[in-house]
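Biologist: Could you take one part of this model and walk me through it closely? I would love to hear about a strand, its partners and how its side chains are arranged.

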Amino acid sequence: MKSGYLYLLVHPSDPDLYKVGQTTRHPEERLAEHNSNYKEYTGQIVKETGQKWELKTCIAVTDPYWAETVFWGATPLGAIPFRQGIEVQKMEWEWVEAGLEAARKAGVRPPPKPLPDHVYAYTAWMKKRLEGRGITLVGHVRSKFGKSDFQCSNGHEWRTVPNNVAEGEGCPQCGTGKKDSEEIRQAIKPGILCLLVHPGKSGVIKIGLTYSTLKQCYEENFWGDWEVHRYRNVEEPVLAESIIWELLGYPLSNDREPIHIELSIAEQAFRDLIPRMQSEIAFKLRGCIPLVSDGNYILCPQNSTAHSRSVKSVG
Ligand SMILES: [Zn+2]
């Protein structure tokens, strides 16, 4: 980031007409350009009136773009989203003063907000399913059923629903990366974590983890008399299992034997499971994969917020 100036030009033809600009060069240089380049809006005014812009004031600023943003934000015109790059405006002097005052104090733009945990989790989810398919995710996945950008190894780019690509859809132009959804599933081995209850035993639950589908589990009578009361599809079954036991307040080392616990507490643990998993995945990824946020910023791992690893008490 280069420091520079926020400058304010006035025009003799109209006392309320101002040109606000920012530059990393000297404002006098920009003034000369505004008075001589008739292709620009400021130059057209010079041409039409025969009068030149004058430098009213300039402020040295550390972050010129940010200072200009702050200037407009401090005026009643701040709500106008798109200034067409002209920044010539009729304004009351009070507005200008408020803008200049704010620009003086603007400092450096604040760091971008870290991406939410679920964006990291969905991005990781997507990347797993693209492995070896010749398709690259461009940016990140905010929602599995929203839109994300993809690129194939032939250079085609497209925007589509991430879940469709996750389930095997290939490049719409050349077909690269098209794959059977069952093949993808087998390569990834996602699991299903189940909260099991027994019709004859109240106050007792079991946790079941399977890499099969629930249908297969029932067909094979996998859990005997135990019934699936709640379940979650889990991307990282091993991590999911360790987290669910942590949420239940039991060590995983109990060989998955039934435990005595109130059903409502176990149900709450299942509600907490996915957000906790996303938080763990985001925590891991923030450390090693910087994701590009929606702006032009790179998320710096050092700047990400401290992650709390405190264990939630469950009764
Ligand atoms: Zn292609």
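Modeller: Happy to; here is a close look at one strand and its partners, followed by a few other spots.

A word on the ground rules: this is a predicted model, where local features need pLDDT of at least 70, side-chain atom pairs count only at pLDDT 80 or more, and totals for chains, interfaces and linings use all residues. Residues are numbered from 1 along each chain as its sequence is written.

Let us start with strand β6, residues 148-152. Helices (H or I, at least four residues) and strands (E, at least two) are DSSP runs, numbered from the N terminus. In a regular strand the side chains alternate between the two faces of the sheet. In β6, S148, F150 and C152 point to one face and are buried, while D149 and Q151 point to the other face and are not buried. Here a residue is buried if 20 or more other C-beta atoms lie within 10 Å of its own, exposed if 12 or fewer, and partly exposed in between, with C-beta atoms placed from the backbone.

Now for the partners of β6. Two strands pair if DSSP finds at least two bridges between them. Strand β5 (residues 135-138) runs antiparallel to β6 and is joined to it by four bridges, with I135 standing opposite C152. On to strand β7 (residues 157-160): four bridges join β6 to β7, again antiparallel, and T160 in β7 is the bridge partner of S148. β6 and β7 form a hairpin with four residues between them, and G155 in the turn has a positive phi of about 90 degrees.

That brings us to backbone angles elsewhere. Most residues other than glycine have a negative phi, and most peptide bonds are trans. K189 is not a glycine, yet has a positive phi of about 55 degrees. K189 is found in the loop between α7 (181-188) and β8 (191-198), and counts as exposed because it has 10 C-beta neighbours inside 10 Å. N221, also not a glycine, has a positive phi of about 50 degrees. N221 is placed in the loop between α8 (214-219) and β10 (227-234), and is exposed because 9 other C-beta atoms lie within 10 Å.

For a helix, look at α3 (residues 64-73), whose buried residues are P64, A67, E68, V70, F71 and W72. These buried residues pack against β1 (4-11), β2 (14-23), β3 (54-61) and α4 (93-104). Two residues are in contact if their C-beta atoms, placed from the backbone, lie within 7 Å.
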